[in-house]
Structure formats: C-alpha cells, structure tokens
Amino acid sequence: MNTGLLVLRLAVGLLVAGHGVQKVSFHLGGAGLAGGTEEFRHDGFRGGRLTAVVAGGSQIGAGLFLAAGLLTPLAAMAAAGVMTVAGTVKLPKGLWVQNDGYEYPLVLVLVSAALALTGPGRWSLDEAAGLTPWPLWTGVAAVVAGPASGLLTRAVLHRPSAAREGARRARAAG
C-alpha cells in the first residue's frame with residue numbers, strides 16, 4: 001500500500017506542479033507568464049497577471065507538497081481547488097478529454113481527495129515529521145474545502161460572457 005501511495009503522490013503531485021509551471025514560465029511547453037495571463041483572460045477571468053501567478057504558484061506548491069507527502073490534507077485541498085477551477089473552464093465542452101472536456105481536472109480532483117482521506121503513506125515527509133496519521137476530519141475538510149474554494153474563486157474572478165464580449169469589443173474599437 002505504501003508503494004502505491006508513493007507512486008500515486010509522485011505522479012499526481014508532479015503533474016499538478018508541472019501544470020502550474022506551464023502557467024508562469026516557458027518550461028514544460030508553457031507560454032510564459034504573458035501566455036498564462038492571456039489564457040486566464042481568454043477564459044474570462046479577472047486579475048490578469050496576478051491571477052496567473054497565484055494559480056500557477058498554487059499548482060506548483062500544492063503539487064510539490066503532494067509529491068513529498070508534506071501537509072498532505074492541505075496540499076490535496078489546494079490541488080483540488082485549482083483543478084476544480086480548471087474543470088469549470090472545460091465544463092461546457094463535456095466530460096471527455098478528446099473534446100477538451102473536464103475529464104483530466106476531474107481525475108486530479110478525485111485523486112487529491114483520495115490522498116486527503118487515505119494519507120500519504122509511510123514514505124512521506126508527513127510520516128518523517130510524525131504528523132501521521134492525520135485525523136479523519138482533516139481529510140473530510142480538505143475534500144469539501146478544496147472544490148468549494150475553487151467554485152468560490154470561479155464565482156469571484158470569472159466575468160460573465162456578455163461582459164467579456166463587451167470588453168473585447170471595447171479593446172478592438174479603442
């Protein structure tokens with residue numbers, strides 16, 4: 001079981017971190033911070049550069065902490081939160097990834113939730129620091145708070161389509 005949790009944490013944690021690296025740099029196929037900023041604007045989010053930096057930084061931090069098995073419930077909560085936002089962007093395209101759907105973000109949210117509930121396993125920094133086992137309530141709180149924070153972020157930072165279209169027209173005219 002511990003080997004499986006290690007493999008799962010490393011794979012998912014490094015993928016989430018890599019997703020964040022792409023938002024803020026040219027590494028791993030990213031378009032740099034300007035590209036990440038434009039991606040968020042294109043997807044209808046306010047905040048531009050700050051949104052890209054916070055989202056990318058959250059993904060990098062959450063992913064690395066998950067991979068290391070450090071503060072696992074908090075790392076899982078953060079990973080689930082940012083990937084919930086990603087899922088909401090892809091929601092109109094349906095489930096399946098071949099249609100640019102939300103399948104991949106959903107898998108990352110669910111795996112993060114599973115890690116919050118199971119704990120990181122023996123081969124983790126949580127274990128080395130004597131933090132495990134985490135109480136069940138921390139995993140349950142992470143499973144609820146992660147996606148809830150992502151949905152709240154979406155509600156606060158996302159502009160309605162009409163407003164986005166109006167802003168695009170104003171830029172084109174001016």
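Before I turn to the model, one definition: a residue is called buried when its relative accessible area is under 20%, exposed when that value is over 50%, and partly exposed in between, with a 1.4 Å probe and protein chains only. By that rule Gly121, with a relative accessible area of 15%, is buried, and this glycine lies in the loop between α5 and α6, the latter covering 125–128. The C-alpha atoms of Gly121 and Thr84 are separated by 25 Å, and the two residues are 37 apart along the chain.

I should say early that this is a predicted model, in which local features need pLDDT of at least 70 and side-chain atom pairs count only at pLDDT 80 or more, while totals for chains, interfaces and linings use all residues. Residues are numbered from 1 along each chain as its sequence is written, and side-chain values use heavy atoms, with hydrogens and water left out.

When I speak of helices, I mean DSSP runs of H or I with at least four residues, and strands would be runs of E with at least two, numbered from the N terminus.

Let me go on to the charged pairs. How many salt bridges does the structure hold? There are three, where a salt bridge is a side-chain nitrogen of Lys or Arg within 4 Å of a carboxyl oxygen of Asp or Glu. One of them joins the side chains of Lys23 and Glu39, at 3.4 Å from N to O. This pair links distant parts of the chain, since Lys23 sits in helix α1 and Glu39 in helix α2 (residues 32–42), 16 residues apart. Lys23 is buried, at a relative accessible area of 7%, whereas Glu39 is partly exposed, at 35%.

Another salt bridge is formed by Lys90 and Asp100, whose closest N and O atoms are 2.6 Å apart. Lys90 belongs to helix α4 (residues 72–90) and Asp100 to the loop between α4 and α5 (103–118), so the pair ties together parts that are ten residues apart in sequence. Asp100 also meets Lys93 in a salt bridge, with 2.8 Å from N to O, and salt bridges that share partners thus join Lys90, Lys93 and Asp100 into one network. Each member counts as partly exposed: Lys90 at 23% relative accessibility, Lys93 at 44% and Asp100 at 34%.

Asp100 deserves a second mention for its backbone, as its phi is positive, about 65°, although it is not a glycine. Leu71, in the loop between α3 and α4, likewise has a positive phi, near 50°, in a residue other than glycine, and at 30% relative accessibility Leu71 counts as partly exposed. A further backbone feature is the cis peptide bond that joins Thr132 and Pro133, with omega about 0°; Pro133 lies in the loop between α6 and α7 (136–157).

How, then, are α3 and α4 placed? Their axes, which are lines fitted to C-alpha atoms over the stretch in contact, with angles from 0 to 180 degrees between N-to-C directions, come within 8 Å and cross at roughly 140°. The two helices are therefore oblique to each other, given that angles under 35 degrees count as roughly parallel, over 145 as roughly antiparallel, 65 to 115 as roughly perpendicular and the rest as oblique.
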